[in-house]
Amino acid sequence: MTKTITLLDGGMGMELTRRSQAAHAVPLWSAQVMMDEPALVAAVHRDFLDAGAEVLLLNTYSATRRRLLRNGYGDITAELHAIAVRLANQALAASGRSARIAGCLPPLVMSYAVGDVPLYAEARAEFAELVALQAPHVDLMIAETMGTVAEGVAATEASVAAGLPTWCAFSVDDSDGTRLRSGEPLTAAFAAARAAGAEALLVNCSRPEAVSQGLAAVQATLPGLDARVGGYANGFVSIDALDASRSVDVLQARVDLDPAAYAEHVERWIALGATIVGGCCEVGPAHIAELARRLGKAHEATIPA
């Protein structure tokens, strides 16, 4: 591989699920762990850094006001963001490595629940709140797992308005990677997010095969796209069991996506033009370490399997 590739970290939430002492996950799993086991969050960040990650994403995916209030937490949004910033910086300082910290703009309601996405104006204001909490502490912002074009544009505009380098990642249909979870074309989403100011456009939290489909469609349809592209997939068998009342522990991990197998998918994305790669749910430090090895970014470290 000769292109300059940026290596992201992997999936925080499912890694915390595996390592936690708690009996089972709860709907706002990554937020709960920051309150109950903060050292665990810092440890996972550190393992991704030691694996070779060059961008560390804040652990704020489930810390939106809507999600917190809906699940009975009260409005502790600012408190959780402050903890997430502290833990990411703690891990980075302890590692002695060079990496960027990225803010996280997640779906405001729930992953994949495209029917529940707030209207554009409302979403734009809520994303702006999250940006204000994170902007002073991060190097860039990633809007991720966006399920509709409007959601991605609202998040992108909120970040760009704050003067932050902004990357926008859309989640695509697992059986048709050319379309978002909403059914809208991925190419239309990429074009809209780019027009809103996104510097990089990615496909995330979808099956690796769907990411390949999506990036192939972008390469064929938007060959002159003036932005970096990339992908970071999940390792779920299916997301069908997940709904608003259940937690991520109802989902099963694929058994055919060990680090080597996942890296082969990533190499396909790079062949399709990706220059930003990493992992999402069920992609752990060992996967990122294998990517770092293949990309020539590996360093001396012992990475947990």
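A residue counts as buried when its relative accessible area is under 20%. The model on display is predicted, and this tour begins with a residue to which that cut-off applies.

**Stop 1: Ile270 and its surroundings**

Select Ile270, which lies in helix α10. Is Ile270 buried or exposed? Its relative accessible area is 7%, so Ile270 is buried. Next, add Tyr232 to the selection: although the two positions lie 38 residues apart along the chain count, their C-alpha atoms are separated by 11 Å.

**Stop 2: helices α9 and α10**

Keep α10 (residues 259-271) in view and add helix α9 (residues 208-221). The two axes come within 9 Å and cross at roughly 5°. Angles under 35 degrees count as roughly parallel, and α9 and α10 are therefore roughly parallel to each other. To display the contact, select Pro208, Glu209, Val211, Ser212, Leu215 and Gln219 on α9, together with Tyr262, His265, Arg268, Trp269 and Ala271 on α10. Coloured by class, this contact shows six nonpolar, three polar and two charged residues.

**Stop 3: the sheet**

Now display the strands. Eight of them form an open sheet with parallel pairing, in the order β1-β10-β9-β8-β5-β4-β3-β2. Which strands stand at the edges? They are β1 and β2 (55-57); each has a single partner strand, so one side of each is left without a neighbour in the sheet.

Strands of a sheet pair through backbone hydrogen bonds, either parallel or antiparallel. The pairings may be followed from the β1 edge:

- Strand β1 (residues 6-7) runs parallel to β10 and is joined to it by two bridges. Select Thr6 to find its bridge partner in β10, Ile276.
- Strand β9 (residues 228-233) is also parallel to β10, with four bridges between them. Here Ala233 stands opposite Gly279 of β10.
- Strand β8 (residues 200-204) pairs with β9 in the parallel sense over five bridges. Ala200 has Arg228 of β9 as its bridge partner.

Pause on strand β10 (residues 276-279) and show its residues. In a regular strand the side chains alternate between the two faces of the sheet. Along β10, Ile276 and Gly278 point one way, while Val277 and Gly279 point the other way. All of these residues are buried.

**Stop 4: helix α6 on the sheet, and its neighbour α5**

Move along the sheet to β3 (100-105) and β4 (140-146), both of which are touched by α6 as it packs on the sheet. The direction of α6 makes about 155° with that of β3.

Then select helix α5 (residues 77-95) alongside helix α6 (residues 120-134). Their axes come within 10 Å and cross at roughly 40°, which makes α5 oblique to α6. The crossing is right-handed. To see the contact, select Thr77, Ala78 and His81 of α5 with Leu130, Leu133 and Gln134 of α6. The contact residues divide into three nonpolar, three polar and no charged.

**Stop 5: helix α1**

Finish with helix α1 (residues 12-19). Which of its residues are buried? They are Met12, Met14, Glu15 and Leu16. Add α2 (29-36), α3 (38-51) and α11 (285-295) to the display, since these are the helices against which the buried residues of α1 pack.

Technical notes: Residues numbered from 1 in each chain as written. Predicted model: local features only at pLDDT ≥ 70, side-chain atom pairs only at ≥ 80, totals over all residues. Heavy atoms only, no water. Axes fitted to C-alpha atoms, helices over the stretch in contact; angles between N-to-C directions. Parallel < 35°, antiparallel > 145°, perpendicular 65-115°, else oblique. Left-handed = near helix turned anticlockwise from the far one by under 90°. Contact = heavy atoms within 4.5 Å. Nonpolar A, V, L, I, M, F, W, Y, C, P; charged D, E, K, R; others polar. Buried < 20%, exposed > 50% of the residue type's maximum accessible area, 1.4 Å probe, protein only. Pairing = 2+ DSSP bridges.
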